[in-house]
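Subject: Model for you to look at

Hi,

Here is the structure I promised to pass on. Have a look at it first, and then read my notes below.

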Amino acid sequence: MRWFGTAAIAALGMVAGGYLLGDGLLRAKEAERSVTVRGLAERDVTADLATWTISYSASSANLANAQAKARSDTEAIEEFFAGLGFPESALQPTGANVSSYTKDGITTYTVRQRLALRTEDIERAQKAVARQFDLVGRGVFLEEGSGMSYAFTRLNDIKPQMVAEATRDARAAAQQFAQDSGASVGAIKNATQGYFSIEARDGNSGGWGKSDSPYKKVRVVTTVNFSLD
């Protein structure tokens, strides 16, 4: 009798243990149910900083004449921007050099100079670049590489809102997955914020239009892992 009693108790213990183990495995399996999705947020913005590096040169067989022409061109450029309403401080010299080459016994000197315009007045900057050929009309020889570049510097101001938008977009995608599988979306288990990119709103994002247009598109993609209930 004692043997049968001991066996019965052991059997009950095995049944109870098996039940608890199975229940624990089931709960662990349910805890593993999740879905990983990506959320996208995009926003059109306008640049808040314009920079224009103006490269120009003057050549002559006489170095003094080349230097005089370069000084005259500098004055013409300063008058051009002053006439458009830019303050004097918006234009700063960034470099100068002199080169020479000799052909058939004649030496030609070339004086190159660079001025940089920096302004937050985007509308005025657009007007300036639209009239850049006025400088050519004044006899200024603009070299290749002279062009306006626009940048958006207030990314930190819109980051929180865009991350929230991307997260909402990710949850909407997760809800679609959950609906198809007969589940519901729970809490966020983990998430990864992608990097923010600022590209041209129009044109080729990798080339033309990326920096020479004030109209930008900010984009971020987040990866979110949601639990499924």
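Let me start with a side-chain pair: R112 and S99 make a polar contact through their side chains, at 3.2 Å. By polar contact I mean N or O atoms within 3.5 Å; within protein, one must be able to donate a hydrogen and the other to accept it, and residues adjacent in sequence count only if both atoms are side-chain atoms.

Before going on, note that this is a predicted model, with local features needing pLDDT of at least 70 and side-chain atom pairs pLDDT 80 or more, while totals for chains, interfaces and linings use all residues. Residues are numbered from 1 along each chain as its sequence is written, and side-chain values use heavy atoms, with hydrogens and water left out.

Back to R112. This residue is in strand β4 and is partly exposed, at 32% relative accessible area. (Buried is under 20%, exposed over 50%, partly exposed in between, with a 1.4 Å probe and protein chains only.) Setting aside residues up to four places away in sequence, R112 touches Y56, S57, G95, A96, N97, S99 and E143, where contact means heavy atoms within 4.5 Å. R112 and A66 are 46 residues apart along the chain, with 9.4 Å between their C-alpha atoms.

A66 brings us to helix α2, residues 63–83. Helices (H or I, at least four residues) and strands (E, at least two) are DSSP runs, numbered from the N terminus. With 21 residues at 1.5 Å each, α2 should span 30 Å, and its end C-alpha atoms are indeed 30 Å apart; the expected span is 1.5 Å times one less than the number of residues. A66, A70, D73, T74, A76, I77, F80 and F81 are its buried residues. Down the helix axis these fall within an arc of 165 degrees, so they line one face of α2. (The arc is taken from the directions from the helix axis to the C-beta atoms.) Facing away from that side are the exposed residues E79, A82 and G83. The cover over the buried residues includes β2 (49–60), β3 (91–103), β4 (106–119), α3 (122–130) and α4 (133–137).

The ends of α2 are worth a look too. At its start, a side-chain oxygen of N62 comes within 2.9 Å of the backbone nitrogen of A64. After the helix comes G85, with a positive phi near 95 degrees.

α3 can be read in a similar way. I122, A125 and A128 are buried there; they sit within an arc of 115 degrees seen down the axis, so they line one face of the helix. Exposed E123 and A130 are on the face turned away, and β2, α2, β4 and β5 are among the elements covering the buried side.

What about the core? The largest nonpolar one has 22 residues, and W52, I77, F81, F86, L117, M148 and Y150 touch the most other members. β2, α2, β4, α3 and β5 (147–151) each supply at least two of its residues. Such a core is a set of buried Ala, Val, Leu, Ile, Met, Phe, Trp, Tyr and Cys residues joined through side-chain atoms within 4.5 Å.

As for the whole protein, there are five helices and eight strands, in the order α-β-β-α-β-β-α-α-β-α-β-β-β. Of the 229 residues, 31% are buried.

Cheers
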